[in-house]
Amino acid sequence: MCSTRILTASARGALLLLWALGTHAAIAVSGWQLSAEELARLDRREVLLPPEPPAIHHENSFRAAIEINAPAAQVFRTMTDCAQALQFVPHLVRCAVLETAPDRSWQIIEHEVTFGWFPTHASYVFRAAYEPAARVHFSGVGGDFAKNEGDWQLAPRRAGAATVVTYQADVMPRFYVPRWIALGSLKRDLPALLVGLRTRCETP
């Protein structure tokens, strides 16, 4: 296992398409309280996804959640590991840690993603701030996003044997993507990302 941390903010790379959808929900990035109905859906191993956006807006916000049958510390190690991210994040082809804090509380990371329909690779640089086994906050530094900020949060469940992972982001790409392509990505890549993370964490 590679010890280099890499935030699966590659989720954003995998979902370049999604952000063109223009979802703009009133979401408190650090305050998503899952309802009893949503927790019941997690019990059924479902992925919680945002509703289909009704219109185009200037900002793109979205959220998703999944339950993983693994302790939070294990999930955190998996989702912040460069080599493992390449195995489960859709479209991610390269990741590189550019800078690391002396106490490893944050890193500057570069991701590169590619799509069959997009003529060139897209890349972006972000700062990932770590709260081990609890939270990763990411904020854009440069690259193909005008705005790129959000959180991964880990909440223990079932006496610590499982973890609810929530992902919330506010992202604006610098290029236009047709809505129908973006909607297809929302339905395909976001669940694939979270299910891929779950499979990776639950595989012995």
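## Close-up views of the predicted model

**Figure 1. The ring pair of phenylalanine 76 and tyrosine 130.** Phenylalanine 76 and tyrosine 130 are both buried. The structure shown is a predicted model. Four aromatic pairs are found in the structure. In one of them, the ring centres of phenylalanine 76 and tyrosine 130 lie 6.0 Å apart and the ring planes stand at 85°, so the pair is edge-to-face. An angle over 60 degrees is what this class requires. The two rings come from distant parts of the chain, with phenylalanine 76 in helix α3, tyrosine 130 in strand β4 and their positions 54 residues apart.

**Figure 2. The buried side of helix α3.** Helix α3 spans residues 72-79. Its buried residues include Ala72, Val75, Phe76, Thr78 and Met79. Around the helix axis these residues cover an arc of only 165°, which means that they sit on the same side of α3. Phenylalanine 76, one of the five, is also a partner in the edge-to-face ring pair with tyrosine 130.

**Figure 3. The disulfide of cysteine 82 and cysteine 95.** The sulfur atoms of cysteine 82 and cysteine 95 are 2.1 Å apart and form a disulfide. The count for the structure is one disulfide. The link is right-handed, with 85° about the S-S bond. Cysteine 82 belongs to helix α4 (residues 82-88) and cysteine 95 to strand β2, so the disulfide ties together parts that are 13 residues apart in sequence. Cysteine 82 has a relative accessibility of 11% and therefore counts as buried. Cysteine 95, with a relative accessible area of 13%, is buried too. Another cysteine, cysteine 201, counts as buried at 3% relative accessibility. The cut-off for these assignments is under 20% relative accessible area.

**Figure 4. Strand β3 and its pairing with β2 and β4.** Strand β3 takes in residues 106-113 and is mostly covered, with six of its eight residues buried. Strand β2 (residues 92-100) pairs with β3 in the antiparallel sense, and seven bridges connect the two. Threonine 100 stands opposite glutamine 107 of β3. β2 and β3 form a hairpin with five residues between the strands. In this hairpin, arginine 104 has a positive phi near 60°. β3 is also paired with strand β4 (residues 122-131), again in the antiparallel sense, over eight bridges. Across this pairing, histidine 111 has tyrosine 124 in β4 as its bridge partner.

**Figure 5. The hairpin of strands β4 and β5.** β4 pairs with strand β5 (residues 135-143) over eight bridges in the antiparallel sense. Arginine 127 has serine 139 in β5 as its bridge partner. Three residues lie between the two strands of this hairpin. Alanine 133, in the turn, takes a positive phi of about 65°.

**Figure 6. The ring cluster of Phe138, Trp152 and Tyr167.** Phe138, Trp152 and Tyr167 are linked into a cluster by ring pairs. Tryptophan 152 and tyrosine 167, like phenylalanine 76 and tyrosine 130, are both buried. The ring centres of tryptophan 152 and tyrosine 167 are 4.2 Å apart and the planes are at 15°, so this pair is stacked. Tryptophan 152 is in strand β6 (residues 145-157) and tyrosine 167 in strand β7 (residues 162-173), so that the pair links distant parts of the chain, 15 residues apart. Planes under 30 degrees apart count as stacked.

**Figure 7. The protein chain as a whole.** The chain contains five helices and seven strands. Starting at the N terminus, the elements follow the order α-α-β-α-α-β-β-β-β-β-β-α. Of the 204 residues, 50% are buried. Among contacts with a separation of 6 or more, 64% are between residues 24 or more positions apart. The accessible surface of the protein chain is about 9,100 Å², and carbon and sulfur atoms account for 54% of this surface.

Technical notes:
Residues numbered from 1 in each chain as written. Predicted model: local features only at pLDDT ≥ 70, side-chain atom pairs only at ≥ 80, totals over all residues. Heavy atoms only, no water. Buried < 20%, exposed > 50% of the residue type's maximum accessible area, 1.4 Å probe, protein only. Helix = DSSP H or I, 4+ residues; strand = E, 2+ residues; numbered from the N terminus. Pairing = 2+ DSSP bridges. Arc of directions from axis to C-beta. Contact = heavy atoms within 4.5 Å. Areas by Shrake-Rupley, 256 points an atom, 1.4 Å probe, with all protein chains shown as cover. Disulfide = S-S within 2.5 Å. Phe/Tyr/Trp six-rings, centres within 6.5 Å; stacked < 30°, edge-to-face > 60°.
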